[in-house]
Amino acid sequence: LPLLLKATLLCLASGSYRPFYNGFYYNHIMNDNSDSQDKVDDFNGAKLVVETSKDPVYSYSGANVTLPCHYRYEPDMGPKRKIRIKWSKLRDDYTKEQDVMVAIGKTDVAFGDFKGRAHIRQASRHEASLVISDVRLKDDGKYRCEVIDGLEDESDVMELRLQGIVFPYQPPRGQYRLNFHEAERVCQDQGAILANFNQLFQAWSEGLDWCNAGWLADGTVQYPIRLPRKPCGGVHLAPGIRSYGQRHRHLHRFDAFCFSSALRGEVFYLDRLAGMTLEEAKQSCQDAGAEIARVGQLYSAWKFLGLDRCNAGWLADGSVRYPIVTPRANCGPAEPGVRSFGFPSKGRFGVFCYRER
């Protein structure tokens, strides 16, 4: 100890030391514009604070959205060197993060599906907001805004929620025929993705009651019950989300809960006096400058655009359905919803078409 004290005093006396706090120095060569040599700066004692929106930011498929993020120093230190900004997308269980974007000064790099769609907005001092264009269904979720200034590294988490609808889906082969990977594909075929738990819970809170178990995006199998009954977990259980937990993604088979967002285009109905076969229905949509609508598009048009049609029509998967906003005689049950005739092998019906605006 006496030798260490002596060495320290000699350094102080020589005047050739660098000031320091808590014995830490750090290198910020990535932020140095002066020359190619490493520069060492001292920690100045200011606290770095990062803040994002406390409320979810809502958007929809195809839109542009800004996820706000700002940082500051306490006390304010005035102009600072370039800092590093990193945005990541979190999994629901926080076990893994997906890199979205990294920025240093005016240089930024986006990763994966966010290439060409994401950039950092720095319109004001200490802003680090993330702008995502052409929002996709799988963009829904939690995001981390991280600001790195040398040894200081602070972050905050916010949520992007897509306005959408959850709908149960089973293929033409019937109930409980899909493993997890097949469930993912059938949802994509219907202009949707597998729903996550938060989306299913929101749908349940809005009235979804479905007694068939279906896959969710995390590999669990669950189903929403508003009215407890014997075949759906028993009459003595409270309303809620029934869960089978994690299931084998290859071996076990169930239905699927799909999630579709609000539309950029429109769904409209076409018919002929004698009706149409499925192939004739597809051609009619093409002749109208559109395509035959998918199930997710019909559900979205029903919920967000108020599509109400008491006429059955073909959809792209070969099913026949119709959307009812205002229940009335000869149009099915007394509740609003999308009615289904299943997958008829014969018959002539109208068709629902989808056209981008």
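The lining of the largest pocket in this predicted model is of mixed character, since its residues divide into 19 nonpolar, 11 polar and 10 charged. The volume of this largest pocket is about 1200 Å³. A total of 40 residues line the largest pocket, and those closest to its centre are Ile165, Val166, Phe167, Ala203 and Leu208. Two or more residues of that lining come from each of strand S13 (152-162), strand S14 (164-169), helix H3 (197-205), strand S19 (255-261), helix H5 (295-304) and strand S24 (337-340). Among these elements, S14 gives the most to the lining of the largest pocket, namely six residues.

## The second largest pocket

The second largest pocket holds about 910 Å³ of space. There are 29 residues in its lining, and the ones closest to the centre of the second largest pocket are Lys89, Arg91, Lys138, Asp140 and Ala217. The elements that give two or more residues to this lining are strand S7 (84-90), strand S8 (97-104), strand S12 (141-149), helix H2 (180-189), strand S15 (193-194) and H3. Of the elements, H2 supplies the largest share of the lining of the second largest pocket, which amounts to three residues.

How do the residues of the lining of the second largest pocket divide into nonpolar, polar and charged, and what are the counts? In the lining of the second largest pocket, seven residues are nonpolar, six are polar and 16 are charged. Two domains take part in this pocket, for domain 1 (47-162) and domain 2 (164-260) each contribute at least three residues to the lining of the second largest pocket.

## Strands S7, S8 and S12

Strand S7 gives residues to the lining of the second largest pocket, and six of the seven residues of S7 are buried, so this strand is largely enclosed by the rest of the structure. On the side of S8, S7 is joined by seven bridges, and the two strands run antiparallel; within this pairing, Arg84 has Ile104 of S8 as its bridge partner. S7 is likewise joined to S12 by seven bridges, again in the antiparallel sense, and here the bridge partner of Ile85 is Val147 in S12.

## Salt bridges

Side chains of opposite charge can pair when their charged atoms come close. The structure holds 18 salt bridges, and three of them are set out below with the distance between N and O.

| Salt bridge | Distance, N to O |
|---|---|
| Lys86 and Asp99 | 3.6 Å |
| Glu97 and Arg144 | 2.9 Å |
| Arg229 and Asp209 | 2.6 Å |

The side chains of Lys86 and Asp99 meet in a salt bridge. Lys86 lies in strand S7 and Asp99 in strand S8, so this pair ties together parts of the chain that are 13 residues apart in sequence. Asp99 counts as partly exposed, at 37% relative accessibility.

Glu97 forms its salt bridge with Arg144. This pair links distant parts of the chain, with Glu97 in strand S8 and Arg144 in strand S12, 47 residues apart. Glu97 is partly exposed, and its relative accessible area is 35%.

The side chains of Arg229 and Asp209 also meet in a salt bridge. Arg229 lies in the loop between strand S17 (220-225) and strand S18 (240-246), while Asp209 lies in the loop between H3 and strand S16 (214-215), so the pair ties together parts that are 20 residues apart in sequence. Arg229 counts as partly exposed at 26% relative accessibility, and Asp209 is partly exposed with a relative accessible area of 23%. Elsewhere, Glu51, Arg72 and Glu74 are joined into one network by salt bridges that share partners.

## Strand S10 and residue Asp218

In a regular strand the side chains alternate between the two faces of the sheet. Which residues of strand S10 (residues 118-121) belong to the covered face, and which to the uncovered one? Ala118 and Ile120 make up the covered face of S10, whereas His119 and Arg121 make up the uncovered one. S10 pairs with strand S11 (residues 129-132) in the antiparallel sense over four bridges, and Arg121 stands opposite Ser129 in S11.

Asp218 lies in the loop between S16 and S17, where Asp218 is partly exposed, with a relative accessible area of 32%. Although Asp218 and Gly245 are 27 residues apart along the chain, their C-alpha atoms are separated by 9.9 Å.

How values were computed:
Residues numbered from 1 in each chain as written. Predicted model: local features only at pLDDT ≥ 70, side-chain atom pairs only at ≥ 80, totals over all residues. Heavy atoms only, no water. Buried < 20%, exposed > 50% of the residue type's maximum accessible area, 1.4 Å probe, protein only. Pairing = 2+ DSSP bridges. 1 Å grid on protein atoms, 1.4 Å probe; cavity = no way out; pocket = protein on both sides within 12 Å on 5 of 7 lines; lining within 4 Å. Points joined across faces, edges and corners; volume = space filled by probe spheres on them. Nonpolar A, V, L, I, M, F, W, Y, C, P; charged D, E, K, R; others polar. Domains from an automatic or database assignment. Salt bridge = Lys/Arg side-chain N within 4 Å of Asp/Glu carboxyl O.
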